[in-house]
Amino acid sequence: MANSISWVLLVSSALLAATAYILRREPGVAATHLHFYMHDVYDGPHPTAALVVTGRAPLNAAGEAEATSSSSSSPRRFGDIAVMNNALTEGPERGSARLGTAQGFTVRVAEQGTVNDLSLYLVFQVGEYAGSSLSVKGRVDTDTGVRESVIIGGTGRFRLARGYAFSRSYDYDLAHGGVVEIDVYVQLLQV
């Protein structure tokens, strides 16, 4: 008899625990994909990005700063810091519908090559995510075809977001700027 009572209590406890697990109210996670273009303009009458700190010239094999010339292969130097307030648009064309603004900075961190440390906010101004932003951080090597950065958080609809972003040069020249295509894959906390 004691054995059957123990068995009934054990089964009842298991059923109660299973019911509590199934009926719990935990927040869910939804995945979202965003696709847009960033217009990075370094020159002309209305630049949206600017070099604010000029780094040092590359070093030669002897450890001395190389003389730079206008024929240099890269207009950027180790330690350069650039800030941006670039338009985010639906399409790559200049007149495409504006979605928001990319605000942040990059620091050239490679003595050789084109590697930057990126800190960027994608601020959405229209549509479903108006008033919300995503925070992007990453090591960006502009010599690669596709660059990956990390989504480390956000505000508004993107609060507690996590994910990643792929960027690729659509029509870009390092000296003048251009258009960068961006795909964002983000997980949104559903409360």
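The following exercises, with worked solutions, concern a predicted model.

**Exercise 1.** Identify which residues of the largest nonpolar core touch the most other members, and which strand gives the most to this core.

*Solution.* The core holds 27 residues, of which Phe36, Leu122, Leu134, Phe158 and Val184 touch the most other members. Two or more residues come from each of the strands S1, S3, S4, S5, S6 and S9. Of these elements, S9 gives the most, with five residues. Next, consider Phe158: beyond its neighbours within four places in sequence, its contacts include Leu34, Phe124, Tyr129, Leu134, Val186 and Leu188. Phe158 also belongs to one aromatic cluster with Phe36, Phe124 and Tyr129.

**Exercise 2.** Determine in which sense S4 pairs with S3 and with S5.

*Solution.* S3 and S4 are antiparallel, with nine bridges; here Met84 has Gly104 of S4 as its bridge partner. S4 and S5 also run antiparallel, joined by nine bridges, and Gln103 stands opposite Tyr121 in S5. The hairpin of S4 and S5 has six residues between the strands, and in it Gly113 adopts a positive phi near 95°.

**Exercise 3.** Classify the ring pairs that Tyr185 forms with Tyr164 and with Phe166.

*Solution.* For Tyr164 and Tyr185, the centres are 5.2 Å apart and the planes differ by 25°. Planes under 30 degrees apart count as stacked, and this pair is therefore stacked. Tyr164 lies in S8 and Tyr185 in S9, so the pair ties together parts 21 residues apart in sequence. For Phe166 and Tyr185, the centres are 6.2 Å apart and the planes stand at 70°, so the pair is edge-to-face. Tyr164, at 34% relative accessible area, is partly exposed; Tyr185, at 29%, is partly exposed, and Phe166, at 24%, is partly exposed.

Technical notes. Residues numbered from 1 in each chain as written. Predicted model: local features only at pLDDT ≥ 70, side-chain atom pairs only at ≥ 80, totals over all residues. Heavy atoms only, no water. Core = buried A, V, L, I, M, F, W, Y, C linked by side-chain atoms within 4.5 Å. Buried < 20%, exposed > 50% of the residue type's maximum accessible area, 1.4 Å probe, protein only. Helix = DSSP H or I, 4+ residues; strand = E, 2+ residues; numbered from the N terminus. Contact = heavy atoms within 4.5 Å. Pairing = 2+ DSSP bridges. Phe/Tyr/Trp six-rings, centres within 6.5 Å; stacked < 30°, edge-to-face > 60°.
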